[in-house]
Amino acid sequence: MKKFSLPPPWRLKGRGYILLYRFSEKFVQTHCVLPKDISFFGGFGSVMIVQYHYSNAGPYDELLFIPGKVELTKMVFNSIGHTISKIYVSTEISKISGRENWGIPKELAHFYWERVSSKREIIKIGVNKSIFFEIDISHQTWFFPISMDFLPFRLMQYKDNQVFITKFEGFGKATLASVKMIDVIPEYFPPVRKPLIAFYIDSFELQFPQPIIKNL
């Protein structure tokens with residue numbers, strides 16, 4: 001069967017967790033696979049664990065790692081933004097579409113969500129029969145509105161000597177989250193530990209537009 005992708009724009013709805021970090025340059029150089037034309041610039045990095053209830057590609061789950069801000073050294077225009085250096089999703093169509101549409105290097109994994117209580121859950125993510133990421137996380141019951149206008153997030157992905165630049169929009173409601181335990185196998189994902197701060201985002205909507213694509 002011929003593989004195909006679903007073109008942008010995409011509209012997504014779901015919920016998930018955002019874990020914020022300040023990674024050192026040594027950590028990024030040791031545990032992140034960045035293309036040769038991308039250099040680490042610092043700032044806040046993150047891990048996101050997301051459950052999309054709706055998307056153009058149907059429901060799927062996602063785990064991603066953003067080291068922080070990066071700079072594309074070959075560019076003559078504004079070359080600083082964020083990049084997703086490692087990402088897993090639960091469906092083939094999401095993997096193919098993410099790679100083709102936005103240059104996002106998606107890989108396949110299995111996701112297991114165990115609801116412990118109304119505000120606590122254990123999430124396990126694995127490939128084949130090996131669990132490489134496990135987190136025990138809980139969240140508060142009060143929420144505040146959040147918009148991507150508050151977080152000017154410019155995604156820059158490098159693929160086949162091209163850079164895909166995407167400025168997406170979104171909104172939802174957020175609350176503080178607390179990580180009780182996190183365990184990672186470095187062979188599959190950067191070995192993060194407890195974050196500086198974490199958030200639970202519920203009832204969010206995202207718009208992923210057609211990216212700007214520039215040749216390098």
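**A walk from the N terminus to the cores**

Pro9 sits in the segment before S1, and that makes it a handy place to start looking at this predicted model. The peptide bond between Pro8 and Pro9 is cis, with omega at about 5 degrees. Keep in mind that most peptide bonds are trans.

From there, move into the interior. In soluble globular proteins, nonpolar side chains tend to end up buried together. Here the largest nonpolar core has 30 residues, and the ones touching the most other members are Leu19, Val47, Leu63, Phe133 and Val192. Quite a few elements chip in: strands S1 (10-21), S3 (45-54), S4 (60-66), S10 (120-127), S11 (130-139), S15 (169-184) and S16 (197-208), along with helix H1 (25-31), each supply at least two residues of this core. A second core, of 24 residues, lies apart from it, with Leu64, Ile66, Trp102 and Met148 among its members.

Val192 is a good residue to click on if you want a feel for the big core. Setting aside neighbours within four places in sequence, Val192 is in contact with the aromatics Tyr21, Phe23, Phe27, Phe65 and Phe133, and also with Val47, Ile182 and Val184.

Now for strand S14, where you'll find Thr166. Is Thr166 buried or exposed? Its relative accessibility is just 2%, so Thr166 counts as buried. Beyond its neighbours within four places in sequence, Thr166 is in contact with Trp102, Phe153, Arg154, Leu155, Phe208, Pro209 and Pro211. Trp102, one of those contacts, also turned up above as a member of the 24-residue core.

Step back to the loop between strand S13 (155-159) and strand S14 (162-166), and you reach Asp160. Asn161 is in that loop too. Most residues other than glycine have a negative phi. Asp160, though, has a positive phi near 50 degrees, and Asn161 has a positive one of about 60 degrees. How much of each is open to solvent probing? Asp160 has 60% relative accessibility, so it counts as exposed, while Asn161, at 43%, is partly exposed.

Finally, not every nonpolar side chain is tucked away. Phe44, Trp142, Phe144, Leu176, Leu196 and Ile197 form a nonpolar patch on the surface, and together they have about 560 Å² of accessible area. Leu176 belongs to strand S15, one of the strands that also supply the largest core. With a relative accessible area of 33%, Leu176 itself is partly exposed.

Conventions:
Residues numbered from 1 in each chain as written. Predicted model: local features only at pLDDT ≥ 70, side-chain atom pairs only at ≥ 80, totals over all residues. Heavy atoms only, no water. Core = buried A, V, L, I, M, F, W, Y, C linked by side-chain atoms within 4.5 Å. Buried < 20%, exposed > 50% of the residue type's maximum accessible area, 1.4 Å probe, protein only. Helix = DSSP H or I, 4+ residues; strand = E, 2+ residues; numbered from the N terminus. Contact = heavy atoms within 4.5 Å. Patch = residues over 30% accessible without salt bridge, like charges linked within 9 Å, V, L, I, M, F, W, Y side chains within 5 Å. Areas by Shrake-Rupley, 256 points an atom, 1.4 Å probe, with all protein chains shown as cover. Salt bridge = Lys/Arg side-chain N within 4 Å of Asp/Glu carboxyl O.
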